[in-house]
Amino acid sequence: MTATNERPAILLLPGLLCDASVWTAQIEALSPHAHVLVADFSRHDSLDSMARSALAMVQGPIIAVGHSMGARVAMEMVHLAPERIAKLALIDTGVDSRKDGEEAKRQVLVDLAFNEGMGALADRWLPPMLHADRVGDQAILAPLKEMVMRATPEQHQRQIRALLDRPNLVPRLASITCPTLVMVGRQDRWSPLAQHEEMAAHIPDAELVVIEDSGHMTLLEQPEQVSDALLRWLGFENKLAGTRGAAAMEK
């Protein structure tokens with residue numbers, strides 16, 4: 001796909017075990033203003049290969065919007081082809097390399113998926129991703145579990161390998177020159193607010209947006225807040241208001 005001056009290309013980059021379903025609200029909000037695509041990382045086992053596959057989806061400039069693992073892929077895209085990334089949005093993510101003891105903790109979940117199935121993995125992994133007051137909210141958990149169960153233990157293992165092999169991105173942050181949005185749920189227990197404040201401080205042209213009443217899964221926990229923030233940051237807010245105004249006049 002080739003972007004045009006009238007309709008820029010927005011590439012949505014999903015996180016671990018996530019697919020296009022987590023982006024439903026954002027696709028609906030952004031599609032009137034841009035060509036919107038969602039990357040598929042289900043067959044990749046490195047952030048580098050994910051980034052290269054994402055870059056190959058679009059010819060020309062890209063607005064890269066990544067959530068969690070997908071935001072790390074977005075930063076890898078900037079590293080590989082900085083001239084291609086027109087704007088960058090990083091949502092609920094991190095920039096550190098593998099932590100002490102992390103591989104063993106993640107291996108427990110890898111083994112769980114192989115031994116007891118993806119449903120068991122979902123039941124263990126998903127609740128801590130949400131706001132603490134929302135860990136029993138089946139309206140959010142049920143579709144997330146269905147999404148996880150569409151994946152396989154092998155996919156999970158591949159993507160965990162990619163995350164364990166992630167580079168330390170802190171030295172790269174100062175070289176990100178495109179306009180950058182750093183977004184995080186205020187109650188994100190996996191990728192906390194302080195981590196995003198530090199990221200935004202190191203990226204020269206970064207804006208920090210905090211999504212209220214949300215954990216790590218901001219795309220689903222607070223879809224309107226996320227979509228509104230993206231629309232405003234991308235300059236689509238006025239166009240959206242104009243469209244709503246025209247529709248109101250027709251009634």
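## Histidine 67

Histidine 67 is buried in this predicted model, because its relative accessibility is 2% and the cut-off for buried is under 20%. The residue belongs to strand 3, which covers residues 62-67.

Setting aside residues up to four places away in sequence, histidine 67 touches Leu13, Pro14, Gly15 and Trp23. The list of its contacts also includes Ile91 and Asp92, as well as His216, Met217, Thr218 and Leu219.

## Alanine 39

Alanine 39 sits in a loop, with strand 2 (35-38) on one side and helix 2 (47-55) on the other. Its relative accessible area is 5%, so alanine 39 also counts as buried.

When neighbours within four places in sequence are left aside, alanine 39 is in contact with Leu11, Leu12, Leu13, Pro14 and Met57. Leu13 and Pro14 are also among the residues that histidine 67 touches. From alanine 39 to serine 53 the C-alpha to C-alpha separation is 8.2 Å, with their positions 14 residues apart in sequence.

## Cysteines

How many disulfides does a search of the whole structure find? The result is zero.

Two cysteines can be described by their accessibility. Cysteine 18 has a relative accessible area of 8% and is therefore buried. Cysteine 178 is buried as well, because its relative accessibility is 8%.

## Fold and dimensions

Eleven helices and six strands make up the secondary structure elements of the protein chain. Of the contacts with a separation of 6 or more, 76% join residues that are 24 or more positions apart. The contacts of histidine 67 with His216, Met217, Thr218 and Leu219 are examples of residues far along the chain being brought together.

The radius of gyration is 18 Å, which agrees with the value near 18 Å that a compact globule of 251 residues would have. Along the principal axes, the C-alpha atoms fill a box of roughly 55 × 40 × 35 Å.

## Surface and charge

Of the 251 residues in the protein chain, 49% are buried. The chain exposes about 11,400 Å², and carbon and sulfur atoms supply 52% of that area.

The protein chain carries 24 positive and 33 negative charges. How far apart are the mean positions of the two sets? The separation is 2 Å.

Definitions and conventions. Residues are numbered from 1 along each chain as its sequence is written. This is a predicted model: local features need pLDDT of at least 70, side-chain atom pairs count only at pLDDT 80 or more; totals for chains, interfaces and linings use all residues. Side-chain values use heavy atoms; hydrogens and water are left out. Helices (H or I, at least four residues) and strands (E, at least two) are DSSP runs, numbered from the N terminus. The radius of gyration is taken over C-alpha atoms; the globule rule is 2.2 Å times the number of residues to the power 0.38. Buried means under 20% relative accessible area, exposed over 50%, partly exposed in between (1.4 Å probe, protein chains only). Contact means heavy atoms within 4.5 Å. Accessible areas come from the Shrake-Rupley method with a 1.4 Å probe; for residues, only the protein chains shown count as cover. Lys and Arg count as positive and Asp and Glu as negative; His and the chain ends are not counted. The place of a charge is taken as NZ of Lys, CZ of Arg, CG of Asp or CD of Glu. A disulfide is a pair of cysteine sulfur atoms within 2.5 Å.
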